[in-house]
Structures are given as structure tokens and as C-alpha cells.
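Work through the exercises below with the sequence and the coordinates open. Each task is followed by a solution in steps.

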Amino acid sequence: MLLYTFFGAAAMVAVHLLGYRLLGYKGRSARLLVSLAGGTSVAYVFLQILPKLAYSDLVLAHSEMLSEARWQHHAFLLAMIGLIGFLGLDQMATKLAAVGRYRPKVDHFRIIAVVYIAYNFLVGYILNFHWAMGGIRSVLLYVLAMSLHFLFVGYMLGRHHPVHKVIKVRWYFAAALLLGWLASLVRELRPEFLASLLALLAGAMIVITLKEELRDETLDEFSTFALGASLYTMLLMRI
């Protein structure tokens, strides 16, 4: 388990550290890769995230802490909290950026970076959960989807923020992901807490996909977008 999840974490770290060299921020090749990544992420949300969200809900429903609760769909509630929380932080960062025109200490990019650092920590922590759920198959599909997702995030940050800042912050993203993976080895959470983390991650992943990866610029190359979704779907069926 340790070896496979280590290589998975290393692959995602490599995407953070080297992905910007492959992608760049201009040209049709970048748009094609972004569209491919967007299609893959949409397929991942519907075919992987939502089913695992249902599994998390089952785990929480049978936990001792929540078994007597009147409301039974705890994982979906947490996913909604993750979605609203991520949207709220993004909106707060946007408003603070406007204030920052008069108060230079307020930095929109730093707020977004902190949000993504926490997000990467969760992604790294959940990696061992995928091994427990489905072995190498689940880890491979997770790493593939998240690697393409991180390529897209890096591309969008580079489009809207100074490139030198994006190149610098990639080290923090990589470190957070690796720390999340290490934390999962040092301390294993109880199933209900792990299910709660997965639900929060699902909410953040859904909002990032719908808000960022379905932009018009992602869909400019719609055939490539559809190809990414189709290839990932076929990969799920084959592996």
C-alpha cells in the first residue's frame, strides 16, 4: 500500500512542480489540454465523486454518533457545506481584491492560494482511502483525474494572476499534498471522520469543476472536452 500511494502522491507533486512547463498559458495546445482536463474532471465528479459521496453517507448513517439523528443524509450536507464554503471564500477573496486597490496589503491571490493549499492537503490525505476502497485501480483513477485537474487549476491561476506568483506557489501546493499523504500514515482517522473529509472534498471538487472547468474557454474545444470525458469513462469500465 505504502509504495503505490507514495508513487501516486509523487505523481501529483510532479504535476504541481513541472506541469506549468508542459502547459504554458497561450496557444491552441494549451486550450486542447485544458479542455481534455475539463472533460476528465466532469466524468470524475459524476462517476467517482458522487458514488463515493453515497458511500460516505452510508458510513455516517451507521456511525454511533449519528445513527440516532433525524436527518440521515449527513455526507450530502457536508458536501453542500464544502461547496458553499469554497464559494464563499472565493467571493470574499474577490471582494477583498477590490478593496486591495486602496489597501495594498489585501491580496486576492494569497487568499486563493491558502484555500488551494488546504484543498491539496485533503487531496493527499484521501489518497490512502482510495487504496482501502479499491486498491491500485482506485488509486490510479484518482491520481489520473486529480493530476489533470491540477493542470487545469494551474492554467487558470496563470491566466488570472502573475505567472511568477503561480510558479512560486506551486511549491506550497506540492508540500501541502505531500504533508496530507504523510499525515494519513501517521494518524488514521475513524471511518466516520474520514467519510466526513471525503464529503467536504467532494463539495469543493464539484464547485471547482462547475465554476472553473466549465467556462467558455474550456468549452472552446468542445470535441476535446467530450473526448476527455469519454476516455475517462471508458477507462473506468476497462480497469
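The exercises that follow concern a predicted model and go from the whole chain to a pocket and then to two residues.

**Exercise 1. Describe the secondary structure and the contact pattern of the protein chain.**

Solution.
- Step 1. Count the elements: the protein chain has 8 helices and 0 strands.
- Step 2. Write their order along the sequence, which gives α-α-α-α-α-α-α-α.
- Step 3. Take the contacts with a separation of 6 or more; 82% of them join residues 24 or more positions apart.

**Exercise 2. State how much of the protein chain is buried and what its exposed area consists of.**

Solution.
- Step 1. Of the 239 residues in the protein chain, 49% are buried.
- Step 2. The area that the protein chain exposes is about 12500 Å².
- Step 3. Split this area by atom type: carbon and sulfur atoms supply 68% of it.

**Exercise 3. Characterise the largest pocket by volume, lining and residue class.**

Solution.
- Step 1. The volume of the largest pocket is about 360 Å³.
- Step 2. The lining consists of 17 residues, and those closest to the pocket centre are Asn 128, Phe 129, Ala 132, Glu 188 and Leu 194.
- Step 3. Assign the lining to elements: helix 2 (28–61), helix 4, helix 5 (163–186) and helix 6 (191–212) each give two or more residues.
- Step 4. Helix 4 provides the largest share, 6 residues.
- Step 5. Sort the lining by class: 13 residues are nonpolar, 2 are polar and 2 are charged.

**Exercise 4. Locate His 149, classify its exposure and identify a polar partner of its side chain.**

Solution.
- Step 1. His 149 lies in helix 4, which spans residues 108–160.
- Step 2. The relative accessible area of His 149 is 0%. The cut-off for buried is under 20%, so His 149 is classed as buried.
- Step 3. At 3.1 Å, the side chain of His 149 makes a polar contact with the side chain of Tyr 119.

**Exercise 5. Is Asn 120 buried or exposed, and which residues outside its sequence neighbourhood are in contact with it?**

Solution.
- Step 1. Asn 120 is placed in helix 4.
- Step 2. Because its relative accessible area is 1%, Asn 120 counts as buried.
- Step 3. Set aside the neighbours within four places in sequence; Asn 120 is then in contact with His 16, Phe 150, Phe 173, Ala 176 and Leu 177.
- Step 4. Combine the steps: Asn 120 is a buried residue of helix 4, with Phe 150 and Phe 173 among its contacts.

Definitions and conventions. Residues are numbered from 1 along each chain as its sequence is written. This is a predicted model: local features need pLDDT of at least 70, side-chain atom pairs count only at pLDDT 80 or more; totals for chains, interfaces and linings use all residues. Side-chain values use heavy atoms; hydrogens and water are left out. Helices (H or I, at least four residues) and strands (E, at least two) are DSSP runs, numbered from the N terminus. Buried means under 20% relative accessible area, exposed over 50%, partly exposed in between (1.4 Å probe, protein chains only). A polar contact is a pair of N or O atoms within 3.5 Å; within protein, one must be able to donate a hydrogen and the other to accept it, and residues adjacent in sequence count only if both atoms are side-chain atoms. Contact means heavy atoms within 4.5 Å. Accessible areas come from the Shrake-Rupley method with a 1.4 Å probe; for residues, only the protein chains shown count as cover. On a 1 Å grid over the protein atoms alone, a cavity is a set of points where a 1.4 Å probe fits but cannot get out, and a pocket is an open set with protein on both sides within 12 Å along at least five of seven lines; lining residues have an atom within 4 Å of a point. Grid points are joined across faces, edges and corners, and a volume is the space filled by probe spheres set on the points. Ala, Val, Leu, Ile, Met, Phe, Trp, Tyr, Cys and Pro count as nonpolar, Asp, Glu, Lys and Arg as charged, and the others, Gly among them, as polar.
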